[in-house]
Amino acid sequence: MANAMLLPVLLSFLILPFSALALTQDFCVADLSRGDTPAGYPCKAHVSAGDFYYHGLATAGNTSNLIKAAVTPAFVGQFPGVNGLGISAARLDIAVGGVVPLHTHPAASELLFVTQGTILAGFISSSSNTVYTKTLYKGDVMVFPQGLLHYQYNGGGSAAVALVAFSGPNPGLQLTDYALFANNLPSAVVEKVTFLDDAQVKKLKSVLGGSG
C-alpha cells in the first residue's frame with residue numbers, strides 16, 4: 001500500500017527535471033534539413049533574426065484556379081521560427097465567387113481575421129452535426145475549433161482577404177472533396193460511402209483529377 005502511494009510522488013520527481021528543462025529553452029528554430037517528427041523539428045544550431053521573420057504573407061495568393069481561392073501558409077515549413085511555439089499563420093485570398101471547400105485542420109484550431117471584403121464562413125460540430133455560420137466583414141474574427149469541418153467563401157462583389165492564426169506550427173489541411181475525388185480511391189467505394197451515383201462520382205473525379 002505504501003509503495004502504491006509513493007509511486008505518483010516518484011513519477012512527479014522524475015518528470016519535474018524535464019519540465020524545468022523545457023521552460024529554460026527560449027525557442028527551437030526548426031532545422032528543416034533534419035525532417036519533422038511528432039515532437040516537431042530538431043533545433044538549428046545557429047539562428048539569426050531572420051529565422052523569426054517572414055514576409056510571405058505580404059503578397060496576394062494566386063486565385064486563378066478551380067476554387068478561385070489561395071492559402072499562403074506561414075507554417076513551420078515556411079517559417080522555421082514558429083517551431084515548438086504552438087502557433088503559425090496564413091493568408092487567405094478569395095476572389096469573387098471563390099470558395100475554400102469543406103476541410104479540416106487535424107492539428108490546430110483556427111482564428112480568422114477579415115481584412116478586406118466579405119466572407120461567409122461556418123463549421124460543423126462533431127457531436128451533433130450542428131452548423132454554425134456567420135457573415136464576416138472587415139475587422140471581424142471567427143474561430144474554428146481543431147479538427148472540425150469548416151468552410152469559407154466570398155460573399156461579396158469584390159476580393160476578400162483574411163489573416164489566419166493557428167494554434168500549432170503545422171496545422172495540417174485535408175479538403176474533403178479532394179480526399180474523396182482527387183485520388184485513386186475506387187469509384188465503387190466512393191459511391192458506397194457517399195450515396196452518390198456512378199455518374200456523379202465520375203464527374204467529380206474528372207473535375208478534380210482523380211482516377212479509379
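These exercises walk through a predicted model, each with a worked solution.

**Exercise 1. Find the strand order of the sheet that holds E1, and name its edge strands.**

Step 1. Read the order. This open sheet has five strands, arranged E1-E2-E9-E4-E7. The pairing is antiparallel.

Step 2. Find the edges. E1 and E7 each pair on one side only, which makes them the edge strands.

Step 3. Add the twist. From one strand to the next it averages 20 degrees.

**Exercise 2. Trace how E9 and E4 are joined to their neighbours in this sheet.**

Step 1. Start with E2 and E9. Seven bridges hold this antiparallel pair. Ile94 stands opposite Ala160 in E9.

Step 2. Move on to E9 and E4. They also run antiparallel, over six bridges. Here Leu111 has Ala165 of E9 as its bridge partner.

Step 3. Finish with E4 and E7. Four bridges join these antiparallel strands. Leu111 stands opposite Val143 in E7.

Step 4. Put the steps together. Leu111 is matched with Ala165 in E9 and with Val143 in E7.

**Exercise 3. Work out the order of the sheet that holds E6, and pick a bridge at its edge.**

Step 1. Read the order. Five strands form an open sheet, E6-E5-E8-E3-E10, with antiparallel pairing.

Step 2. Name the edges. They are strand E6, residues 131-136, and strand E10, residues 174-175.

Step 3. Look at E6 and its neighbour. Strand E5, residues 119-124, is joined to E6 by six bridges, and the two run antiparallel. One pairing sets Ile119 against Leu136 in E6.

**Exercise 4. Which residues touch the most other members of the largest nonpolar core, and which elements supply the core?**

Step 1. Pick out the residues. The core has 21 residues, and Leu92, Ile94, Leu112 and Ile119 touch the most other members.

Step 2. List the elements. Those giving two or more residues are strand E2 (88-94), strand E4 (110-116), E5, strand E7 (141-144) and strand E9 (160-166).

Step 3. Rank them. E9 gives the most, four residues.

Step 4. Zoom in on Ile119. Leaving out residues up to four places away in sequence, Ile119 touches Ile94, Val114, Lys134, Thr135, Leu136, Gln152, Tyr153, Gly155, Ala160 and Ala162. Leu136, one of these contacts, is also the bridge partner of Ile119 in E6.

Step 5. Note the other core. It is separate, has seven residues and includes Ala30, Tyr41, Ala74 and Phe79.

**Exercise 5. Describe how H3 and H4 pack, and sort the residues in their contact.**

Step 1. Decide what to report. A helix pair is described by the angle between the two axes and the distance between them.

Step 2. Give both values. Helix H3 (residues 187-194) and helix H4 (residues 198-208) pack at about 115 degrees, and their axes are 9 Å apart. The crossing is right-handed.

Step 3. Name the residues. From H3 come Ser187, Val190 and Glu191. From H4 come Asp198, Val201, Lys202 and Lys205.

Step 4. Sort them. The contact divides into two nonpolar residues, one polar and four charged.

**Exercise 6. Which residues other than glycine have a positive phi at Lys68 and Phe195, and where do they lie?**

Step 1. Take Lys68. Its phi is about 55 degrees, and it is not a glycine. Lys68 lies in the loop between H1 and E1. Lys68 is partly exposed, because its relative accessible area is 39%.

Step 2. Take Phe195. Its phi is near 70 degrees, again positive in a residue other than glycine. The loop between H3 and H4 holds Phe195. Phe195 has a relative accessible area of 78%, so it is exposed.

**Exercise 7. Is Tyr53 buried or exposed, and is Thr72 buried or exposed?**

Step 1. Place Tyr53. It is in the loop between helix H1 (2-23) and strand E1 (69-74).

Step 2. Classify Tyr53. Its relative accessibility is 53%, so Tyr53 counts as exposed. The cut-off is over 50%.

Step 3. Check a distant partner. Gly81 is 28 residues from Tyr53 in sequence, yet their C-alpha atoms are 7.5 Å apart.

Step 4. Classify Thr72. This residue is in strand E1. Thr72 counts as buried because its relative accessibility is 16%. Buried means under 20%.

Step 5. List what Thr72 touches. Beyond residues up to four places away in sequence, its contacts are Gly56, Leu57, Thr59, Gly61, Ala90 and Arg91.

How values were computed:
Residues numbered from 1 in each chain as written. Predicted model: local features only at pLDDT ≥ 70, side-chain atom pairs only at ≥ 80, totals over all residues. Heavy atoms only, no water. Axes fitted to C-alpha atoms, helices over the stretch in contact; angles between N-to-C directions. Left-handed = near helix turned anticlockwise from the far one by under 90°. Contact = heavy atoms within 4.5 Å. Nonpolar A, V, L, I, M, F, W, Y, C, P; charged D, E, K, R; others polar. Pairing = 2+ DSSP bridges. Core = buried A, V, L, I, M, F, W, Y, C linked by side-chain atoms within 4.5 Å. Buried < 20%, exposed > 50% of the residue type's maximum accessible area, 1.4 Å probe, protein only.
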